[in-house]
Amino acid sequence: MLRSRGIIKGVNLGGWMSQCDYSQERLDNFIKESDIEKIASWGFDHVRLPVDYNILQNRDGSPIESGYSRIDNVVELCRKYDLKLILDLHKTAGFSFDYGEEESGFFDNEHYQELFYQFWEEMARRYGHDTDNIVLELLNEVTDAEFIDKWNEIIRKCMARIRAVAPDVIVLVGSYRNNSADTVQFLEAPYDDKVVYNFHCYEPLKFTHQGATWTPDIKPEERMAFEDSVTSEEYFEELFSTAIAKAKEHGTTLYCGEYGVIDVVGAEDSLKWFKVINKVFEKYGISRSVWTYKEMDFGIADSKYDGTREELIKYL
């Protein structure tokens, strides 16, 4: 479904309109036209843009026009450089995948859920008719298993609201445990034939996130070479197997919205990981978007890859 629209190989614009300080300096200058031009020159066909609700929506649900002007600008830049665009809601009122954010209560709070539905109605109204170029992604990385039943219900209700406005736009939905591939199986059947299952992959975490200080799953002082990470094509095939089966059962496809290796890992070891996961993506026709374009501890534009980037981009 995504591949037929030319959406195969993308890159995230992480840290621009999400996971940031929201300063004028950041919003105006973190990503510029020259960056979009460079992304296109590297052979990517789309970008995934994470956005936080507070850039686009007031607490009463009304739209923030200055925020939408920024999205409009991204849309125009993508058109100029022949890139597709995935609009990903990275944080909504009452929920963030980042436990450090002061957002909670979304799955139990009808007011927060209504704001979520209104947000997507507005996004669908503005961008949901450009079905050849724009895809919508409902929410980044639902966390706890206890949320999945409510999340499935929210997806159904939100899809009904979106479809009343934009009947044909492709919509991405992910499951719990931060969009893990092995939890896709717990999503309900797609609302319709234009819904795609979404997952993220940073496995094995002890390799891709070594040195990370923001997750209790990692001891920052520990290091792991690629050869010690038991990563192979078979490893990823097994990891993705239930998601692949679920998508096949319901006649849809898969999208990997985030995958990548932290900057602590050397470029050569990172390249080995990308080569292996790329083979599995290609074998099963999985479109994807690497995390991330620059900085955020994972940037493919950063100096780490200056000697290997030409080779790297073959395997993204």
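# Exercises on a predicted model

The largest cavity has a volume of about 30 Å³. The structure examined here is a predicted model.

## Exercise 1: The cavity

Task: Determine which residues line the largest cavity, and which helix gives the most to this lining.

Solution. Begin with the residues themselves: the lining consists of Val75, Cys78, Arg79, Leu83, Leu85, Asp130, Asn133 and Ile134. Next, sort them by character, which yields five nonpolar, one polar and two charged residues. Finally, turn to the helices: H4, residues 65-80, gives the most, with three residues.

## Exercise 2: The pocket

Task: Describe the largest pocket by its volume and by the make-up of its lining.

Solution. The volume of the largest pocket is about 980 Å³. Its lining comprises 30 residues, and those closest to the centre are Phe97, Glu141, Asn178, His209 and Trp214. By character, the lining divides into twelve nonpolar, ten polar and eight charged residues. Helix H7 (176-179) and strand E7 (195-201) each supply at least two lining residues; H7 gives the most, with three.

## Exercise 3: Strand E5 and its partners

Task: Establish which strands pair with E5 and in what sense they run.

Solution. Consider first strand E3 (residues 84-92), which pairs with E5 in the parallel sense over four bridges. Within this pairing, aspartate 88 has glutamate 137 of E5 as its bridge partner. Consider next strand E6 (residues 171-174), which runs parallel to E5 and is joined to it by two bridges. Here leucine 136 has valine 171 of E6 as its bridge partner. As a last step, examine the side chains of E5 (residues 134-137): Ile134 and Leu136 point one way, Val135 and Glu137 point the other way, and all are buried.

## Exercise 4: An aromatic pair

Task: Classify the geometry of the pair formed by phenylalanine 107 and tryptophan 151, and state why it ties together parts apart in sequence.

Solution. The ring centres are 6.4 Å apart and the planes meet at 90°. Because an angle over 60 degrees counts as edge-to-face, the pair is edge-to-face. Phenylalanine 107 lies in the loop between strand E4 (95-96) and helix H5 (110-127), and tryptophan 151 in helix H6 (residues 148-165), so the pair ties together parts that are 44 residues apart in sequence. For burial, the cut-off is under 20% relative accessible area. Phenylalanine 107, at 5%, is therefore buried, and tryptophan 151, at 0%, also counts as buried. This pair belongs to a total of 22 aromatic pairs found in the whole structure.

## Exercise 5: Backbone exceptions

Task: Identify where cis peptide bonds occur and what phi values glutamine 19 and glutamate 295 have.

Solution. Recall the usual case: most residues other than glycine have a negative phi, and most peptide bonds are trans. One cis bond joins glutamate 203 and proline 204, with omega about -10°; proline 204 is found in the loop between E7 and helix H8 (205-208). Another cis bond joins tryptophan 291 and threonine 292, with omega about 0°; threonine 292 is found in the loop between strand E9 (287-290) and helix H11 (309-312). Turning to phi, glutamine 19 has a positive value near 50°, and glutamate 295 has a positive value near 55°. Glutamine 19 lies in the loop between strand E1 (9-12) and helix H1 (24-29) and is partly exposed at 30% relative accessibility. Glutamate 295 lies in the loop between E9 and H11 and is partly exposed at 38%.

Conventions: Residues are numbered from 1 along each chain as its sequence is written. This is a predicted model: local features need pLDDT of at least 70, side-chain atom pairs count only at pLDDT 80 or more; totals for chains, interfaces and linings use all residues. Side-chain values use heavy atoms; hydrogens and water are left out. On a 1 Å grid over the protein atoms alone, a cavity is a set of points where a 1.4 Å probe fits but cannot get out, and a pocket is an open set with protein on both sides within 12 Å along at least five of seven lines; lining residues have an atom within 4 Å of a point. Grid points are joined across faces, edges and corners, and a volume is the space filled by probe spheres set on the points. Ala, Val, Leu, Ile, Met, Phe, Trp, Tyr, Cys and Pro count as nonpolar, Asp, Glu, Lys and Arg as charged, and the others, Gly among them, as polar. Rings of Phe, Tyr and Trp (its six-membered ring) pair if their centres lie within 6.5 Å; planes under 30 degrees apart count as stacked, over 60 as edge-to-face and the rest as tilted. Buried means under 20% relative accessible area, exposed over 50%, partly exposed in between (1.4 Å probe, protein chains only). Two strands pair if DSSP finds at least two bridges between them.
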